[in-house]
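User: I am new to this structure. Please take a close look at one loop, starting from a single serine in it, and then work outwards from there.

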Amino acid sequence: MASIKDVAKLSEVSVATVSRVLNDKGYVSEDTRKKVEQAIAELNYRPNEVARSLFKKQSKTIGLIVPDITNPYFPELAKAVEDTAMKLGYTMILCNSDEDIEKEQRYLDILLQKYVDGIIVFSNTLSMDQIRKLNIPIVSIDREISKDLPTIVVNNKKGAKLASSFLREKGCKRIAHLRGPYGIVNADERYAGYMDVVAEEEWFHEGYIVNGDYNMQSSIEATTELLRLHPEIDGIFAASDTMAIGAIKAVHKLGMKVPEDISIIGFDGIRLSEATTPELTTIVQPIYELGETALTMLVKLIEQQPMEEIFYKLDVHLVEREST
């Protein structure tokens, strides 16, 4: 591979002059610029981006840390972040933390070593003190860590109330909730929205709430046990589409039908929700807009541009399909 010294030798200028051309900084005459550009083309020279980032302490790269890459929601959101990053001249490094504190910290260390310019995090473990010590622009998505940290979320509680009320309007008399992990902000908010609708109902039973852990297999098992203990349930609000799909599978395994015997509604609006049988009724959040907005916020932080807002709460809406 050609080096910057080879370019300087062929164009008969100094290495410093070649550097000014490459970085478009400092005065270089038009004739000299053309000679350098011609030498770069002839030698097929490519700047060493690692060396440049070490020198500049800047890489035009951002990190994205997600908690579970096997959940279809996160690849969809990662695509939005990547698309927007490319448009704005950045590249993205994707890290999967598995909701593991040590793994998350290891990724943060690696990203800092690679001189990423900023990081987007889905984290339920990072504190604001830890974030300040990182000394790098950070945006939180889906989970609010601090009022002082740029954050973008959706109206989880409203979506849960929409879902639970919709099942009631469809005639469901015993509505269960397949919730996400305890202590995860969005799961707690969706649980709170469900409770706002059903807590005062005469039929309500604490046993109607089970943890699907935002995981399909866990949801199959939790739904199977739920319906064994409470066969009277005729509606399920699952706090994610992945869990709702698990619930549909469990219902079919038990020899029942959706929606004839049990109506099921999810939350997220992932593309897979349209490919299930039956197609899934769901609360749709603007996944692409979430990723796009988060990356745009991060770039403004990196480039020290003014920000009108540091907290965004996007709206959600219900899409009815065949499962209710």
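Analyst: Start with S146. S146 is buried, with a relative accessible area of 14%. The cut-off for buried is under 20%, so S146 falls inside it. Keep in mind that this is a predicted model.

Where does S146 lie? Its place is the loop between β4 (138–141) and β5 (151–154). The side chain of S146 reaches the backbone nitrogen of D148, at 3.1 Å. Now leave aside the neighbours within four places in sequence. S146 is then in contact with M128 and T151.

D142 sits in the loop between β4 and β5 as well. Is D142 buried or exposed? At 5% relative accessibility, D142 counts as buried, because the limit is 20%. The side chain of D142 makes a polar contact with the side chain of N186, at 2.6 Å. N186 also appears among the contacts of D142 beyond four places in sequence. The others there are Y73, F122, I152 and V153.

Next comes E99. Its loop runs between β2 (91–96) and α6 (101–113). E99 is partly exposed, at 37% relative accessible area. Which residues does E99 touch, once neighbours within four places in sequence are set aside? They are P67, R143 and I184. E99 and I65 can be compared along the chain and in space. In sequence they are 34 residues apart. From C-alpha to C-alpha, the distance is 10.0 Å.

R143 leads on to a pocket. The second largest pocket has a volume of about 270 Å³. Its lining has 20 residues, and R143 is one of those closest to the centre, together with D68, N71, F74 and Y214. What kinds of residue make up the lining? There are 8 charged, 6 polar and 6 nonpolar residues. Two helices, α5 (73–87) and α9 (185–198), each supply at least two residues of this lining.

D213 is in the loop between β7 (209–211) and α10. D213 is not a glycine, yet its phi is positive, at about 60 degrees. D213 counts as partly exposed, with 40% relative accessibility. Helix α10 covers residues 216–229, and L229 lies in it. L229 is partly exposed too, at 48% relative accessible area. How far is L229 from V139? The two are 90 residues apart in sequence and 43 Å apart in space, C-alpha to C-alpha.

Another positive phi belongs to D268, in strand β9. Here phi is about 145 degrees, and again the residue is not a glycine. D268 is buried, at 4% relative accessibility. The loops on either side of β9 bring in two prolines with cis bonds. P259 lies in the loop between α11 (241–253) and β9 (263–268). The peptide bond from V258 to P259 is cis, and omega is near 5 degrees. P278 lies in the loop between β9 and β10 (281–284). Its cis peptide bond is with T277, and omega there is about 0 degrees.

Finish with helix α1, residues 4–11. V7, A8 and S11 are buried in this helix. Why do they line one face of α1? Seen down the axis, the buried residues fall within an arc of 100 degrees, so they share one face of the helix. An α-helix has 3.6 residues a turn, so residues three or four places apart point the same way. On the other side of α1, K5 and K9 are exposed. What do the buried residues of α1 pack against? Their partners are α2 (15–23) and α3 (30–43). Just after α1, E12 takes a positive phi of about 60 degrees.

Back to the starting loop for a last look. Between β4 and β5, S146 is buried at 14%, and D142 is buried at 5%. The side chain of S146 reaches the backbone nitrogen of D148. The side chain of D142 joins that of N186.

Technical notes:
Residues are numbered from 1 along each chain as its sequence is written. This is a predicted model: local features need pLDDT of at least 70, side-chain atom pairs count only at pLDDT 80 or more; totals for chains, interfaces and linings use all residues. Side-chain values use heavy atoms; hydrogens and water are left out. On a 1 Å grid over the protein atoms alone, a cavity is a set of points where a 1.4 Å probe fits but cannot get out, and a pocket is an open set with protein on both sides within 12 Å along at least five of seven lines; lining residues have an atom within 4 Å of a point. Grid points are joined across faces, edges and corners, and a volume is the space filled by probe spheres set on the points. Helices (H or I, at least four residues) and strands (E, at least two) are DSSP runs, numbered from the N terminus. Ala, Val, Leu, Ile, Met, Phe, Trp, Tyr, Cys and Pro count as nonpolar, Asp, Glu, Lys and Arg as charged, and the others, Gly among them, as polar. Buried means under 20% relative accessible area, exposed over 50%, partly exposed in between (1.4 Å probe, protein chains only). The arc is that of the directions from the helix axis to the C-beta atoms. Contact means heavy atoms within 4.5 Å. A polar contact is a pair of N or O atoms within 3.5 Å; within protein, one must be able to donate a hydrogen and the other to accept it, and residues adjacent in sequence count only if both atoms are side-chain atoms.
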